[in-house]
Amino acid sequence: MAVVIRTADYGDNDKMVTLLTRDYGRMSARIKGCKKPASKLFSAASLFCCGDYVFYEKNGRYGVKGCAIRRTFFGLQSDYDAYAAACLIAEAVDKVAQEDDVPSGLFTLTVNALYALDTGAAPALTVVCYFLQRLLHIEGVYPSFGVCAACGGGPPLVRFSAEHGGALCKMCAKGAAGIPVDDEFRDAVWGLARVSELGL
Ligand SMILES: [Zn+2]
């Protein structure tokens, strides 16, 4: 199973698509003749289409010879915010997904986020915040907010340091670059924790 995360025209009638597959990571494949409206692969070559793709290999390159579509997510086309959010999600996945290396849960997270946007199950911004938070967890780079990212000491944490990967205690914050942890910052982190309750 796979979902299209990027498309590009290729010649007069073909497209190159980048897919996030559930089992084989990111793949690029050519879909021949799919720009003709009569092509049975017309929808399979569209951005966000999710289905069971059948590939062939020729000279080390892949092509798509069939697809049993699960969901096209065409509903995204009629909601600007949802469409923009879906594009951001697809771009983020395109950046982090590797060939032959699929972090556990990335495919399901991506499709569920697109589903939530397509059905309007949650506001677009909430879905994006939730998706990015889960993506950081999956990639193992979610910042530390509970204890000091430098020494492991407890609160109060007074400064957020991207360099250290989280918030710092008073001692460690001395001379460190970063953003002061104030009420607004705490509210934002608390908000992110709340959207995780969406359970996508
Ligand atoms: Zn510290």
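# A tour of the helices, loops and domains

Begin by selecting helix α1 (residues 80-96) together with α2, whose axes come within 10 Å of each other and cross at roughly 170 degrees. That angle makes α1 roughly antiparallel to α2, since anything over 145 degrees is counted in that class. To see the contact itself, show the side chains of Ala82, Ala85, Ala86, Ile89 and Val93 in α1, which meet Thr110, Ala113, Leu114 and Leu117 in α2. If you colour this contact of α1 with α2 by residue character, you will find 8 nonpolar residues, 1 polar residue and no charged ones. Keep in mind throughout the tour that this is a predicted model.

**The other partner of α2**

Keep α2 (residues 106-119) selected and add α3 (residues 124-139), which packs with α2 at an angle of about 175 degrees, the two axes being 10 Å apart. The helices α2 and α3 are therefore roughly antiparallel to each other. On the α2 side the contact is made by Leu106, Leu109, Ala113, Ala116 and Leu117, and on the α3 side by Ala124, Val127, Phe131, Arg134 and Ile138. The residues of this contact of α2 with α3 divide into 9 nonpolar, no polar and 1 charged.

**Along α2**

Now hide the partners and look at α2 alone. Its end C-alpha atoms are 20 Å apart, which agrees with the 20 Å that its 14 residues should span at 1.5 Å a residue. How many of the 14 residues of α2 are buried? The number is 10, so the helix α2 is largely enclosed by the rest of the structure. To mark them, select Leu106, Phe107, Leu109, Thr110, Val111, Ala113, Leu114, Ala116, Leu117 and Asp118. Bring the surroundings back, and you can follow these buried residues of α2 as they pack against β1 (2-10), β2 (14-21), β4 (50-58), α1 and α3. Following α2 comes Gly120, whose phi is positive, near 70 degrees.

**Along α3**

Move on to α3, a helix of 16 residues that reaches 22 Å from its first C-alpha to its last, close to the 22 Å expected at 1.5 Å a residue. Its buried residues can be selected as Ala124, Val127, Val128, Cys129, Tyr130, Phe131, Arg134 and Leu135. Just after α3, centre on Gly140, which takes a positive phi of about 75 degrees.

**Loop residues to centre on**

Next go to Cys34, which has its place in the loop between β3 (25-31) and β4. Is Cys34 buried or exposed? Cys34 is buried, with 23 other C-beta atoms within 10 Å, where 20 or more are needed for a residue to count as such. If you measure from C-alpha to C-alpha between Cys34 and Lys15, you should find 6.8 Å in space, although the two residues are 19 apart in sequence. Leaving aside its neighbours within four places in sequence, Cys34 is in contact with Asp14, Lys15, Ser39, Leu41, Phe42, Ala44 and Ala45.

Stay in the loop between β3 and β4 and select Phe48, which is found there as well. Phe48 is not a glycine, and yet its phi is positive, at about 80 degrees. With 25 C-beta neighbours inside 10 Å, Phe48 counts as buried.

Then select Phe73, which lies in the loop between β5 (61-71) and α1. Phi of Phe73 is near 55 degrees, again a positive value in a residue other than glycine, and Phe73 is buried, with 23 other C-beta atoms within 10 Å.

For the last loop, show the backbone of Pro155 and Pro156, which are joined by a cis peptide bond with omega of about 5 degrees. Pro156 has its place in the loop between α3 and β6 (157-161).

**Stepping back to the whole chain**

Finally, zoom out and show the full chain as a cartoon, in which there are 5 helices and 8 strands. Read along the sequence, these elements follow the pattern β-β-β-β-β-α-α-α-β-β-α-β-α. The C-alpha trace spans about 65 × 35 × 25 Å along its principal axes, and of the 200 residues of the chain 30% count as buried. Among contacts between residues at least 6 apart in sequence, 42% join residues at least 24 apart. To end, colour domain 1 (2-71) and domain 2 (157-198), as the domain assignment gives them; the centres of domain 1 and domain 2, taken over C-alpha atoms, are separated by 42 Å.

Terms used
Residues are numbered from 1 along each chain as its sequence is written. Helices (H or I, at least four residues) and strands (E, at least two) are DSSP runs, numbered from the N terminus. A residue is buried if 20 or more other C-beta atoms lie within 10 Å of its own, exposed if 12 or fewer, and partly exposed in between; C-beta atoms are placed from the backbone. Two residues are in contact if their C-beta atoms, placed from the backbone, lie within 7 Å. Axes are lines fitted to C-alpha atoms, for helices over the stretch in contact, and angles run from 0 to 180 degrees between N-to-C directions. Angles under 35 degrees count as roughly parallel, over 145 as roughly antiparallel, 65 to 115 as roughly perpendicular and the rest as oblique. Ala, Val, Leu, Ile, Met, Phe, Trp, Tyr, Cys and Pro count as nonpolar, Asp, Glu, Lys and Arg as charged, and the others, Gly among them, as polar. The expected span of a helix is 1.5 Å times one less than its number of residues. Domain bounds come from an automatic or database domain assignment.
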